[in-house]
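Please find below my note on the model, set out as numbered points. It begins with the ligand and then turns to the domains and their sheets.

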Amino acid sequence: MKFETRAIHAGQEPDQLTGAVVPPIYQTSTYKQDGVGGARSGYEYSRTANPTRTALEECLAALETGARAFAFASGMAAEDCLIRTLCRPGDHVLIPADAYGGTYRLFANVLAHWGISYDAVPQTDLDAVRDALEGRRTRLVWAESPTNPLLSIVDLAALAEVAHANGAFLVTDNTFASPYLQRPLELGADAVVHSTTKYLGGHSDVVGGAVVLREAGYADDLAFNQNATGGIAGPFDAWLTLRGVKTLAVRMDRHCANAALVARLLTAHPAVSHVYYPGLPEHPGHKVAAMQMHGFGGMVSFRLAAGEQKAVAVCGRTRLFTLGESLGGVESLIEHPARMTHASAAGSALEVPADLVRLSVGIEDADDLLDDLRQAISLRSSEVITNCTSGTERLKLR
Ligand SMILES: Cc1ncc(COP(=O)(O)O)c(C=O)c1O
């Protein structure tokens, strides 16, 4: 079956009892057993397994063309469980120099205390990756492509080769692309992680995460750890995500088309000094993106020539682009990464530029979106807002 068909049908046979076309929300914690040890259809307790979650997991495995998928309460819960399944104290991990701030925080501020060390390397430079792996006991290479928020593109097939040649797993965070645009397992990655909160859910109404494994080899270990640590997706969250997934393909097409128009507008705007969008021919990763993706995604970042205060002001001036964290929903969002999503990277090698603005371009009418950006960027300096919380202050709050 083709992708669009799998998104609607994989894991979603009509309900055996009633014929319901949509998998029911099995809002239950436990299941009646037919005598001790007689669990029906294998379900005994919903931390271990729940039919609505199973439907989502089977669908995600089919979309990423993996052997098994696991649905979690959030993207971070998925990352944590996968890392603690694959790594042991003493292991080393390589992360991208512009990793998502929360991933960086997990390695730097949580897992480092449990004996897992990391180095951050720009993965667009494969020689730098090889140098960083040289003589190390690196257990896994963690990749993102496109990266959040700088939209770097990594050659995933080449990175997989380098990782495997050094005995390391390649894990790819596929949140920005979604399996509709890119399937890292087909490019050689061993596992994919998602914040399903984003494009997979697609409607900004649910927080969730997923791991998809290329081979079944570690599936039992991951299932064990998921059950043992308990960060599972609840039935209603799994159902909402599954509902979002059905329209992933059509939404992504529109996200890509709108984002391309936004990137073109920004490129031509005199107040904008830099545009990050892999669909632009001048983007350093454009050729690789064209090779490994089936579209360039809905995320666009840009920098303001006038600097940080102007970037902050633009974020406060849009009317359609809602100022908020997260991404991948049908509605357009705008944010200031240095003070919001990436505040946790402040003062580190992964700090993001202060004049950077990130857009999650939604599926509204393109002209309305372009008009909104034009008016927000064309503000006078007297209208600049200066009373925002600084990145360092926010970091303390988190
Ligand atoms: C690329 C990426 N990975 C992982 C996460 C974490 O996902 P969640 O917020 O669902 O825990 C995010 C969240 O923004 C993200 O953007």
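**Ligand site, domains and sheets**

1. A polar side-chain atom of lysine 198 is placed 2.7 Å from an oxygen atom of the ligand, a polar contact being a pair of N or O atoms within 3.5 Å. Threonine 197 likewise has a polar side-chain atom 2.7 Å from a ligand oxygen, and for serine 195 the corresponding distance is 2.8 Å. The protein covers 90% of the 390 Å² of accessible area that the ligand has on its own, with areas taken from the Shrake-Rupley method and a 1.4 Å probe.

2. This is a predicted model, in which local features need pLDDT of at least 70 and side-chain atom pairs count only at pLDDT 80 or more, while totals for chains, interfaces and linings use all residues. Residues are numbered from 1 along each chain as its sequence is written, and side-chain values use heavy atoms, with hydrogens and water left out.

3. There are 13 residues around the ligand, of which Gly75, Asp173, Ser195, Thr197 and Lys198 come nearest; a residue is counted here if one of its heavy atoms lies within 4 Å of the molecule.

4. The protein chain is divided into domain 1 (3-245) and domain 2 (249-397), the bounds coming from an automatic or database domain assignment. Their centres, taken over C-alpha atoms, are separated by 26 Å, and 40 residues of domain 1 are in contact with 42 residues of domain 2, where contact means heavy atoms within 4.5 Å.

5. One open sheet has 7 strands in the order β1-β7-β6-β5-β4-β2-β3, with mixed pairing; strands are DSSP runs of E with at least two residues, helices are runs of H or I with at least four, both numbered from the N terminus, and two strands pair if DSSP finds at least two bridges between them. Because β1 (68-72) and β3 (117-121) each have a single partner strand, one side of each is left without a neighbour in the sheet.

6. Strands β6 (residues 191-195) and β7 (residues 209-213) pair in the antiparallel sense over 5 bridges, and valine 192 has valine 212 in β7 as its bridge partner. Helix α2 (residues 51-63) packs on this sheet, touching β1 and β7, and its direction makes about 130 degrees with that of β1; axes are lines fitted to C-alpha atoms, for helices over the stretch in contact, and angles run from 0 to 180 degrees between N-to-C directions.

7. A further open sheet, of 5 strands with mixed pairing, follows the order β8-β9-β12-β11-β10, and its edge strands β8 (272-276) and β10 (322-323) each pair on one side only. Helix α10 (residues 248-268) lies across β8, β9 and β12 (356-360), running at about 10 degrees to β9.

How values were computed. A polar contact is a pair of N or O atoms within 3.5 Å; within protein, one must be able to donate a hydrogen and the other to accept it, and residues adjacent in sequence count only if both atoms are side-chain atoms.
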